[in-house]
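Trainee: Got a minute? I'd like to go through a structure with you, a bit at a time.
Mentor: Sure, put it up and ask away.

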Number of protein chains: 2
Amino acid sequence: MELKKPYLLFLGDAADQLAAKVAQGIKTWHPEYCVGQFRLPACNADCDLEDLSIAAAAQAGAKTLVIGVANRGGIISDEWIGVLVEALESGLDIAAGLHNKLNDIPELVACAQKHGRQLFDVRYPSQAYPVANGKKRAGKRLLTVGTDCSVGKMYTSLAIEKEAQKQGLNADFRATGQTGILICGEGVSADCVVADFIAGAIETIAPANSDDHWDIIEGQGSLFHPSFAGVTTGLIHGSQADALVLCHEPTRTHMRGVPDYSLPDIETCMQANLATASLTNPKVKFVGISVNTSQLEEQQALDYMAQLEAEFGLPVVDPFRQGVGRIVEQLAEL
Amino acid sequence: MELKKPYLLFLGDAADQLAAKVAQGIKTWHPEYCVGQFRLPACNADCDLEDLSIAAAAQAGAKTLVIGVANRGGIISDEWIGVLVEALESGLDIAAGLHNKLNDIPELVACAQKHGRQLFDVRYPSQAYPVANGKKRAGKRLLTVGTDCSVGKMYTSLAIEKEAQKQGLNADFRATGQTGILICGEGVSADCVVADFIAGAIETIAPANSDDHWDIIEGQGSLFHPSFAGVTTGLIHGSQADALVLCHEPTRTHMRGVPDYSLPDIETCMQANLATASLTNPKVKFVGISVNTSQLEEQQALDYMAQLEAEFGLPVVDPFRQGVGRIVEQLAEL
C-alpha cells in the first residue's frame, strides 16, 4: 500500500483543531506532500494551507485526497460524499484511516472503478503478510516502545527520522498505525493484522537494507497494557531492533482505558522490553528516553528529565521542547 | 460458534492415520460425540467407529459432519464435494478447520442456504471480539504454556479437563485452536483473530464463572517463538490464569520452523511466563510440568522427569504415560 503524492488534505466539517489532528500531523511532518486543504463551510480547523477547490487541487497536481479529520463515530457523512465523488472524477485517489471503510460505500466504489482510481482504507491491511521467519537481516533498526499507549511513540519516531536525516544518517520512518501511514504514505496498521502475522508484517515493512541504513519503526501499545501487549510483542520481535527509545507520559495515573492498571515503573518497563527484544536481537539496547511533558510546567519538566537522566545514564528529552538530537547522536555509535 | 452434536467424522481419502489426526482427536477425547465415520474408497485411516453412509448417519441422529482429515495444501477436493452436498441435503451442518474455507465454495454455500444448514470454518472467527478490559473476573483458570509450539498443550489441557472432572472438580476445556474447537465444539482460533482483540477473545471464551469453576485454557505458541509470541502474550493476558502448566518436548533441537532459534531453558521459560501472566493475575503460579516423552525410551523418560521434578519441586508428568492426576491434585489447593 503506497499512497500517491502530493496530497489534498480534506478537513471536512472538523468541529475543532483536534478533530483535524491527522491532517495537522501530515502538514507538520511533511508540508512538502501537501498542495492545499479542502474545508466544508462548517469547518473549524485550519492547517494553514491554501484552501483549494477540488478542481484547483487537481490542477495543482494533487494525486490523493487524504481524509485528515476524525468525526464522532468515524462515520463518513453524506455531506462528504459529494466532495469525494468529485475528487475521484477529477483523477484523485482517496485515502482514509477511519474505522468505517471507504470501500464499504457502494457509491464511492462504483465511482472509483469507473474512473480507474483507488480507495485506500489504510487501517485495514490490503495484502497478506507472511509468518515471521526471525532471520537476522541487514540494516539497522530503532523502535519506540512505551510505558503505555498514546504516550508519543509516533511523534518521537517522526522526530528521530527527521533529526537523523539532518545529522546525515540514512533513515526512514516505518509506520505501524493509520495516522503514521497517512503521514508517510505507506506502512501497516499492526493492530489490524491477523494475530499470526504481526511479527511477519513488521519484517515486511522494515526489510533488509544497506548496513548503514536505519529504519525508525513506530511502536504500538505497551508490554504492560492488558488489552494490547500481544500487538506490542509481535511488533518488537518483528523489528529486531538494535536500538530502543522508551516513551513516557509522567502524569498519567493509570494505563489508558483500564483504570485498574497502573503504569509500570521505568526500570521495570525497560527490562521487560529488553528481555522481549533480545529474543530476535540479543545486542539490543536503549539509546534514550522520550518524555511527553506537555502536562508539566517547564521547570517541573526539566527537573523530572534531569532526574531520569541521572538514574538511567541515557539522553532524556521531550522531542517537542528540546528535539531528539541527543538521542540520534547515540545512533552513530551503534 | 457452537457446533451441534453428535458428529459424523469425515475421514475422506486420508493417506494414512496421521492425516486423520483431527478425527482421531475427537474420537479419543469425546467418543460420545461420534455416531460413526465416513470414508471414501481411497481412505487408509480408521478411527475405529462404525462406517456409516450419510443417510444412515442422519438416521442415527448426526447433526454435524466434521471434516477430520487434513490433505496436502488444505484443499477441499472435488471428490469430497458430492459427499458434503449429500450431508447438507440430509440435514447435517458441516464443520472444518482447514485453511481453505467451506464458505468459499459456491456450491456448498448455495446448498447450505437452500437447506437451512450451516458451514462452520472454525479457523476463522465468526464474531467480533471486544478489546480486553483486564478486569478481574470470578472463577478460576488454568492455562498451558510451552517452551515451543506443538509440544502438547492441547493434549495436556484436554487430559487435565478429563482428570479434573474425574476428581470431582467443575472444569471445562476452552479451545483456542481449530483442532481443539472441533474436539469440544466451540472456542476461538486465537491466532486468526485480529491482533487488537487477542486478549479480548480469550476473555470472551473463558468468561466469569462460579468461584469453584476451572476453565482449562488451551495455550498457543510460546513466548520464545519469534513468529508467534504476540499471540501467546495476548492469550496469557486474556486468560488471567491462576495456574500455569509448562509443556515441553525434550528432544527438540530448535524452535519449530525457525532453525536459528534454540529452545529456552525451563527455568527461563517459566520466569518469563510468570512475569507476563502476573500483569493480569499477580497470584499466578505453576502447578506442574507436562513433558511429551514420546521420543525417549521409558527409562530415559522417567530419569528426565525425575530430574525436572527435583529441580522445580512440581509434579512432572507425561500425560500419555502417567496421566495428569498429580497436576490436578494441585488445583484443589488453589
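Trainee: Where does A:Lys135 sit?
Mentor: A:Lys135 is in the loop between strand S5 (119–121) and S6 of chain A. Keep in mind that this is a predicted model.

Trainee: And which residues is A:Lys135 in contact with, leaving aside neighbours within four places in sequence?
Mentor: A:Glu203, A:Gln240 and B:Asp260. The last of these belongs to chain B.

Trainee: How far is A:Lys135 from A:Ile26, C-alpha to C-alpha?
Mentor: They're separated by 34 Å, with their positions 109 residues apart along the chain.

Trainee: Back to A:Gln240, then. Where is A:Gln240?
Mentor: In the loop between H8 and strand S9 (243–248) of chain A. Its phi is positive, about 50°, although A:Gln240 is not a glycine.

Trainee: What do residues other than glycine mostly have for phi?
Mentor: Most of them have a negative phi.

Trainee: Is A:Gln240 buried or exposed?
Mentor: Buried: the relative accessible area of A:Gln240 is 2%, and anything under 20% counts as buried.

Trainee: Which other residue of chain A has a phi near 50°?
Mentor: A:Ser150, and again that's a positive value in a residue other than glycine. A:Ser150 is in the loop between strand S6 (140–146) and helix H5 (153–166) of chain A. A:Ser150 is partly exposed, with a relative accessible area of 45%.

Trainee: Changing topic: what kind of peptide bond runs from A:Lys5 to A:Pro6?
Mentor: A cis one, with omega near 0°. A:Pro6 is in the segment before strand S1 (7–12) of chain A.

Trainee: And what joins B:Lys5 and B:Pro6 in chain B?
Mentor: A cis peptide bond there too, with omega about 0°. B:Pro6 lies in the segment before strand S1 (7–12) of chain B. As background, most peptide bonds are trans.

Trainee: What rotation superposes chain B on chain A?
Mentor: One of 180°, with 0.0 Å of shift along its axis, and the RMSD is 0.0 Å. The two copies are thus related as by a two-fold rotation axis.

Trainee: Through which surface do the copies meet?
Mentor: The same one on each: 100% of the interface residues of chain B are also interface residues in chain A, so the copies meet through the same surface.

Trainee: What about pockets? What's the volume of the second largest one?
Mentor: About 730 Å³. It's lined by 31 residues, and the closest to its centre are A:Ala272, A:Ala275, A:Thr276, B:Ala272 and B:Thr276.

Trainee: Which helices supply that lining with at least two residues each?
Mentor: Helix H8 (229–239) and helix H9 (266–277) of chain A, together with helix H8 (229–239) and helix H9 (266–277) of chain B.

Trainee: How do the lining residues divide into nonpolar, polar and charged?
Mentor: The lining of the second largest pocket has 16 nonpolar, 13 polar and two charged residues.

Trainee: OK, cysteines. How many disulfides does a search of the whole structure find?
Mentor: Zero, over all chains.

Trainee: Why no bond for B:Cys269?
Mentor: Because the closest cysteine sulfur, in B:Cys247, is 9.9 Å away, too far for a bond. A disulfide needs the sulfur atoms within 2.5 Å. B:Cys269 is buried, at 0% relative accessibility.

Trainee: And what about B:Cys192?
Mentor: The closest cysteine sulfur to that of B:Cys192 is in B:Cys149, at 13 Å, so that's too far for a bond as well. B:Cys192 is buried, with a relative accessible area of 14%.

Trainee: Last bit: what does A:Val284 touch, not counting residues up to four places away in sequence?
Mentor: A:Ala241, A:Asp242, A:Leu244, A:Leu274, A:Ala277 and A:Ser278. A:Val284 is in the loop between H9 and strand S10 (285–291) of chain A and counts as buried at 10% relative accessibility. A:Leu244 is 40 residues from A:Val284 in sequence, yet their C-alpha atoms are 7.2 Å apart.

Trainee: And in chain B, where does B:Ile327 lie?
Mentor: In helix H12 (residues 325–331) of chain B. B:Ile327 is buried, with a relative accessible area of 0%. Beyond its neighbours within four places in sequence, its contacts include B:Ile160, B:Val245 and B:Pro315.

Methods:
Residues are numbered from 1 along each chain as its sequence is written. Chains are lettered from A and ligands numbered from 1 in the order in which they are written. This is a predicted model: local features need pLDDT of at least 70, side-chain atom pairs count only at pLDDT 80 or more; totals for chains, interfaces and linings use all residues. Side-chain values use heavy atoms; hydrogens and water are left out. Copies are superposed by least squares on the C-alpha atoms of residues with pLDDT of at least 70 in both. Contact means heavy atoms within 4.5 Å. Buried means under 20% relative accessible area, exposed over 50%, partly exposed in between (1.4 Å probe, protein chains only). On a 1 Å grid over the protein atoms alone, a cavity is a set of points where a 1.4 Å probe fits but cannot get out, and a pocket is an open set with protein on both sides within 12 Å along at least five of seven lines; lining residues have an atom within 4 Å of a point. Grid points are joined across faces, edges and corners, and a volume is the space filled by probe spheres set on the points. Helices (H or I, at least four residues) and strands (E, at least two) are DSSP runs, numbered from the N terminus. Ala, Val, Leu, Ile, Met, Phe, Trp, Tyr, Cys and Pro count as nonpolar, Asp, Glu, Lys and Arg as charged, and the others, Gly among them, as polar.
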